[in-house]
Amino acid sequence: MSKPTPMMTQYLQMKEQYKDAILFFRLGDFYEMFYDDAILAAKELEITLTRRDKKNAIPMCGVPHHSAKGYIERLIEKGYKVAIAEQMEDPKMTKGMVKREVVQIITPGTVMDDMISENESNYLACLFDAGEDYIIAYSDVSTGELKVTQCDETTMLNEMSSIAPKEIIINAALPSNIDQHMRLMTNVVSLYQSDVTFDITSNLSAQLQPAVNLLLSYIRDTQMRALDHIDQPIEYAALGHMRLDMYAKRNLELTESIRLKTKKGTLLSIYNQCKTPMGNRRLKEWIERPLVNKEQIEDRLTVVRLFNDEFLLRHQLREALTYVYDIERLAGRVQFGNVNAKDLIQLKYSLEQLPRINELLNPFSHIVSGLEGIQSLAPLYQMLEESIVEEPPTTIKEGGIFKDGYNITLDEYRNAQKNGKAWLAALQTKERERTGIKSLKISYNKVFGYYIEISKANLVNLDIAEFGYDRKQTLSNAERFITEELKQKEALILGAEEKAIDFEYEAFIQLREQVKAYIPNLKRQAKRIAELDCLQNFSEVATNNNYTEPKISDRRVLQIKDARHPVVEQVMERDQYVPNDCLLDDNGFIYLITGPNMSGKSTYMRQVALISIMAQMGSYVPASSAELPIFDQIFTRIGAADDLVSGQSTFMVEMLEARNALVNATENSLIIFDEIGRGTSTYDGLSLAQSMIEYVHNHIGAKTLFSTHYHELVGLDHSLDGLNNIHVAAKEYNGELIFLHKIMPGAVENSYGIHVAKLADLPDEIISRAGHLLESFENYSIKDLNYVGRDDRKKENELKAQHKKVNPDEQVIKESQAVIQPAFDLFSESENNAVISELKQLTIESMTPIEALLKLQQLKSQIK
Ligand code: ADP
Ligand code: MG
């Protein structure tokens, strides 16, 4: 291999320092990448990979500097870091090698501007291993927010999952299980070390400082600038919220759907009435961190109630919020120093609404103590109103920012320009008269400045010397001239324009500094506005969806009447969703839920969890009435979420989630176990399920919803006082299964698996064979798990015979029959002919099981 060229040597030295970033190396109008960076970038960006020269065959690719932003954005999104190396000298002016320097490292946690979503915070977190426990320091560089807390491992895991950082830096290698957790959250976890200390003026505990220092140091190293734009750190206690671990957040689909990783189908998607991006960011935070303090919850509920009662207030507030821009991020840009005049106009419009909002809320301040007034920031508004034109340019280097009359000097420059232009027009007329050439014109270009242009045809009879014309440029069909007089005016006009531009730039920087003084106050107002926006959102959503105000129980009672699943009910037609009750208290705190597949067990359990979360967020809930305890934590084990990402088997994930609940739950927790033990052999699963229930019952006392397909478990209510059986009703009619989605007391006898298989249109032979097999299995099976483990078969059968069968009470059966009664008339009623003919036309062969079920549901809903 031949010796690298001086430029490649420069490149390689630079690359050595930024190993974990893709180096964008400025070469003229391009950013070039070489070696592995080139191979990677070419693949990720789908651009052509070339060779720098034939002999060395160095892989290389490049992007034009003017369109680099889009490419950088894509790399950041994919979790890479990008180091930008610029030319620090003008190549035209430099002999030999141009000096180059890395001026910024763009990383997923430190990007700003329009590369990040406005509806969620873009956090960079430092996870600091402090020996016994952890320190988390995190910041959103775009708003300057900086927070820090110290906590144990479990709390840390929950907290990190609430923060949902885009990038994590660590001071020491993490234990592998924790590392795995972190990498599930973000694909950018980097080890980073630094001894730099920063001047921290806020009241921060000394032991937290190293984490803050490390975080700040990283921000400075990547941004390569002073840190004026980052706020002083705020210390907080991570325990002030309901703890929701990663599993619970994911399983309950709070902000991201399990399958598609989108907002659609999540709890977050229900609250779609925020008016500002700040409100949306706060909302997401509230959903992930429900409150645990009764007063705080009630404070929010009080405001929601107020907005519900005072329709006009809510309406006008929403109206005012429509005009409020992202004050937090605008303030962040002022702080950072990349604010432009357009941003300040947005800020002005936002400020304009503050007195209005204040006025709206004032009459109610006595009702709502938490609703302290919004400050109007009138002086700042005044300052912006007087200075900046309504539609300024996006750049601050070309003038046109300030209003006429804002500054005397600027006005003078502008007059000189304006007068100059009038003078030029007059000169053109004068010259036309003098020469008699009507097409003579005075124009301007960047290279030659102002000139008089005369076409060649007209020049033939003209003695240019007589008119004092100096030739400046010859074109194919015209000549351009200048005169002494024109030259002088040009200096004046151009001078004035340049001076005006410089002046405006300086004035803008000054103005920006003045705005800086208001930032702490601006951020306070922004916070209040974000909260108000969330609360009006809650109220709007509650009204639209017929939610009710939850009562926070002092007796640890959970009693919900006519509860609905907030997300599922949205995708159904009005009144199609079947509401259900739930009652869990200290006497009966475990529900064992049975019912056929697709009957609604999972939906029911999730809805109880979601309603609890909603209430602790301070929101109304989908029910006719609700009394709820304050849960310290919700644990879930739901469905067979495919956990391919973490590389763990489904059963292992199941056990990990179960362990997490069983180790950490308290009597104030809610546990949701959905068909636990499914991922292993029957008796394995059954035994695990039973011992878990017993453990929860005897040692934890947490409110627990436990759905199961093991009918052997339903006898547990005899040995466990705190356990009650419930089931989701379904009815068999002419061998077909009808789902009622209604929760009833007692256990269900049949799991109807074969019915569901039939619904899914499995071949008849399989269905009938399965029916026979089932019969013979049932003759042998052990109905009550209380006897599992004893091998004395005779004794078992004796016990089994003695054991009273659990039957839903008579009344319930009557009720359920009443509900489905119309269905029995399905085929006799003439107005249902449409349904029948549709049934006949169905091509079942081409339907998926789900389609078949949906169709069934739709047909069912059509029946009169
Ligand atoms: P399971 O867990 O018992 O198999 P799911 O909870 O997954 O059943 O529910 C299956 C489907 O039934 C859901 O997708 C939903 O469409 C419907 N469903 C569930 N509960 C209700 C209800 N209360 N009212 C109406 N439809 C419901
Ligand atoms: Mg289910």
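## Exercises on charged side chains

The side chains of Lys294 and Asp554 form a salt bridge, with an N to O distance of 2.9 Å. Keep in mind as you work that this is a predicted model. With that pair as a warm-up, let's go on.

**Exercise 1.** Work out which parts of the chain the pair Lys294 and Asp554 ties together, and classify Lys294 by its accessibility.

*Solution.*
- Step 1: Place the partners. Lys294 belongs to helix α10 (residues 294-309), and Asp554 to the loop between β18 (551-552) and β19 (558-563), so the salt bridge ties together parts 260 residues apart in sequence.
- Step 2: Classify Lys294. Its relative accessibility is 26%, so Lys294 counts as partly exposed.
- Step 3: Do likewise for Asp554. This residue counts as exposed because its relative accessibility is 62%, and exposed means over 50%.

**Exercise 2.** Describe the salt bridge between Glu86 and Arg26 and say whether Glu86 is buried or exposed.

*Solution.*
- Step 1: Take the distance. The two side chains meet at 2.9 Å, N to O.
- Step 2: Locate the ends. Glu86 sits in strand β5 (residues 82-87) and Arg26 in strand β1 (residues 22-27); the pair links distant parts of the chain, 60 residues apart.
- Step 3: Check the burial. Both Glu86 and Arg26 are buried.

**Exercise 3.** Repeat the analysis for Lys601 and Glu675, then find the network that holds Arg281.

*Solution.*
- Step 1: The side chains of Lys601 and Glu675 meet in a salt bridge at 3.8 Å, N to O, which falls within the 4 Å cut-off.
- Step 2: Helix α19 (residues 601-617) holds Lys601, while Glu675 is in the loop between β24 (669-674) and α21 (682-700), so this pair ties together parts 74 residues apart in sequence.
- Step 3: Lys601 and Glu675 are both buried.
- Step 4: For the network, follow shared partners: salt bridges join Arg281, Arg282, Asp326 and Glu328 into one. In total, the structure holds 46 salt bridges.

**Exercise 4.** Find what the side chain of Asp140 contacts.

*Solution.*
- Step 1: Asp140 lies in strand β8 (residues 134-140).
- Step 2: Asp140 is buried because its relative accessible area is 1%, and buried means under 20%.
- Step 3: Its side chain reaches the backbone nitrogen of Asn122 at 3.1 Å, and makes a polar contact with the side chain of Ser142 at 2.6 Å.

**Exercise 5.** Name the residues of the negative surface patch that includes Glu506.

*Solution.*
- Step 1: The patch is made up of Glu497, Glu498, Asp502 and Glu506.
- Step 2: Glu506 is part of helix α17 (residues 484-516).
- Step 3: With 48% relative accessibility, Glu506 counts as partly exposed.

Technical notes: Residues are numbered from 1 along each chain as its sequence is written. Chains are lettered from A and ligands numbered from 1 in the order in which they are written. This is a predicted model: local features need pLDDT of at least 70, side-chain atom pairs count only at pLDDT 80 or more; totals for chains, interfaces and linings use all residues. Side-chain values use heavy atoms; hydrogens and water are left out. Patches are made of residues with over 30% relative accessible area and no salt bridge: like charges are joined within 9 Å, nonpolar side chains (Val, Leu, Ile, Met, Phe, Trp, Tyr) within 5 Å. Accessible areas come from the Shrake-Rupley method with a 1.4 Å probe; for residues, only the protein chains shown count as cover. Lys and Arg count as positive and Asp and Glu as negative; His and the chain ends are not counted. The place of a charge is taken as NZ of Lys, CZ of Arg, CG of Asp or CD of Glu. Helices (H or I, at least four residues) and strands (E, at least two) are DSSP runs, numbered from the N terminus. Buried means under 20% relative accessible area, exposed over 50%, partly exposed in between (1.4 Å probe, protein chains only). A polar contact is a pair of N or O atoms within 3.5 Å; within protein, one must be able to donate a hydrogen and the other to accept it, and residues adjacent in sequence count only if both atoms are side-chain atoms.
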